[in-house]
Amino acid sequence: MASEPVLAARELYRFYRAGEEETLALRGVSLRVGRGETVAVVGPSGSGKSTLLACLAGLDEPSGGEVHVDGTRLSHRPETERARLRARHIGVLLQSRNLLPHLSVRDNVRLPQRAAARRPVTSAGELLTLVGLGERMHALPRQLSGGELARAGLAVALANAPAVLLADEPTGELDGETERVVLAMLRERAAQGCAVLIVTHSAEVVRSADRVIRLEDGRATDASCPAAQGVPDVTG
């Protein structure tokens, strides 16, 4: 496990205001993920996990603090700049998946490759073959099973050969066998030098991680290596 921080967040705060009411979703969260490292983020529902992932991906702006990806500041930039940096450096796999319903699976993978504005390391067809969907590349998302959708979403997240992969509950609706397949792909990507951060409730994901960060009430604590200290409670 390398120590070089590919993803770094410093003192992230995120406030939401509705009328006179203010919600503190993140309260000074700092973290670092090194090249080749897999970090699991756990915590009860409403603890700020999805908000944290959105800020790390540049899909949302923190109210305070900064996010750096591969040595470049991502936060507090115009959305067009964040989108450009995300396309070049970050793969994102959301709970709602990341497939456009009117595009074939292959065209869904090609889309972030075009956005990255560089020659793809792996073609869309090759990437889909790697995730076991080579014969389904012309299918539309609605024609795929749940397990196929998960693998297709992962192919899209990996399409731009990202330095950082961020996944929000990537195995939440999968059966045990498909979960193991997806986790094997994530571990392989980390072995190739990608920094992987996974928001999860899955004990299997936690066991496969190098390090665990627990969020509670918008604050983070490092639970260290699960293999050394036992798997933390990830229910909620």
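# Notebook: pockets, strands and a few residues

I began with the second largest pocket, whose lining has 8 nonpolar, 4 polar and 2 charged residues. I am working from a predicted model here, so every entry below is a reading of that prediction.

**Entry 1: the second largest pocket**

I looked up its volume and noted about 260 Å³ of space. The lining counts 14 residues, and those closest to the centre of this pocket are L127, L130, L158, R189 and Q192. Which elements supply at least two residues each to this lining? I found α4 (124–130) and α6 (176–191). The most comes from α6, which gives 3 residues.

**Entry 2: the largest pocket**

Next I turned to the largest pocket, with a volume of about 470 Å³. I listed the residues closest to its centre as R86, V92, N98, P112 and V156, out of 18 that line it. Four elements came up as giving two or more residues to the lining: α2 (79–89), β6 (90–93), α3 (105–115) and α5. I was curious which of them has the largest share of the lining. My note says α3, with 4 residues. By class, I wrote down 13 nonpolar residues, 4 polar ones and 1 charged one for the lining of the largest pocket.

**Entry 3: A159**

I then picked A159, a loop residue between α5 (146–157) and β7 (164–168). Is A159 buried or exposed? Its relative accessibility is 5%, so I put A159 down as buried; the cut-off for buried is under 20%. Setting aside neighbours within four places in sequence, I found A159 in contact with V109, P112, Q113 and L127. Two of these names were already in my notes: P112 is among the residues closest to the centre of the largest pocket, and L127 is among those closest to the centre of the second largest pocket. I also checked A159 against T122: the two are 37 residues apart along the chain, and their C-alpha atoms are separated by 7.5 Å.

**Entry 4: L53**

My next stop was L53, which sits in helix α1 (residues 49–57). I noted a relative accessible area of 1%, so L53 is buried. What does L53 touch, leaving aside its neighbours within four places in sequence? I listed V92, L94, L166, A167, D168 and V199. V92 is a familiar name, being one of the residues closest to the centre of the largest pocket. For a distance check I took L53 and H68, which are 15 residues apart along the chain and have their C-alpha atoms separated by 13 Å.

**Entry 5: strand β3**

I went on to β3 (residues 38–42) and asked how many of its residues are buried. The count is 5 of the 5, so I describe β3 as largely enclosed by the rest of the structure. I then sorted its side chains by direction: T38, A40 and V42 point one way, while V39 and V41 point the other way. That fits a rule I keep in mind, namely that side chains in a regular strand alternate between the two faces of the sheet. In β3, the residues on both sides are buried.

For its partners, I found that β3 runs parallel to β8 (residues 195–199), with 4 bridges joining them. Within that pairing A40 has I198 as its bridge partner. With β9 (residues 211–216), β3 pairs over 4 bridges, in the parallel sense too. Here I noted V41 with I213 as its bridge partner.

**Entry 6: the open sheet**

I also traced an open sheet of 4 strands, in the order β2-β1-β4-β5, with antiparallel pairing. Which strands stand at the edges? They are β2 (21–34) and β5 (72–73); each has a single partner strand, so one side of each is left without a neighbour in the sheet. Inside the order, β1 (residues 5–18) and β4 (residues 64–69) run antiparallel and are joined by 5 bridges. I marked Y13 as standing opposite G64 in β4.

**Entry 7: Y13 and F15**

Y13 came up again when I searched for aromatic pairs and found 1 in the structure. Y13 and F15 form this pair, which is stacked, at 6.1 Å centre to centre and 20 degrees between the planes. I looked up exposure for both: Y13 is partly exposed at a relative accessible area of 31%, and F15 is partly exposed at 30%.

Definitions and conventions. Residues are numbered from 1 along each chain as its sequence is written. This is a predicted model: local features need pLDDT of at least 70, side-chain atom pairs count only at pLDDT 80 or more; totals for chains, interfaces and linings use all residues. Side-chain values use heavy atoms; hydrogens and water are left out. Rings of Phe, Tyr and Trp (its six-membered ring) pair if their centres lie within 6.5 Å; planes under 30 degrees apart count as stacked, over 60 as edge-to-face and the rest as tilted. Buried means under 20% relative accessible area, exposed over 50%, partly exposed in between (1.4 Å probe, protein chains only). Contact means heavy atoms within 4.5 Å. On a 1 Å grid over the protein atoms alone, a cavity is a set of points where a 1.4 Å probe fits but cannot get out, and a pocket is an open set with protein on both sides within 12 Å along at least five of seven lines; lining residues have an atom within 4 Å of a point. Grid points are joined across faces, edges and corners, and a volume is the space filled by probe spheres set on the points. Ala, Val, Leu, Ile, Met, Phe, Trp, Tyr, Cys and Pro count as nonpolar, Asp, Glu, Lys and Arg as charged, and the others, Gly among them, as polar. Two strands pair if DSSP finds at least two bridges between them.
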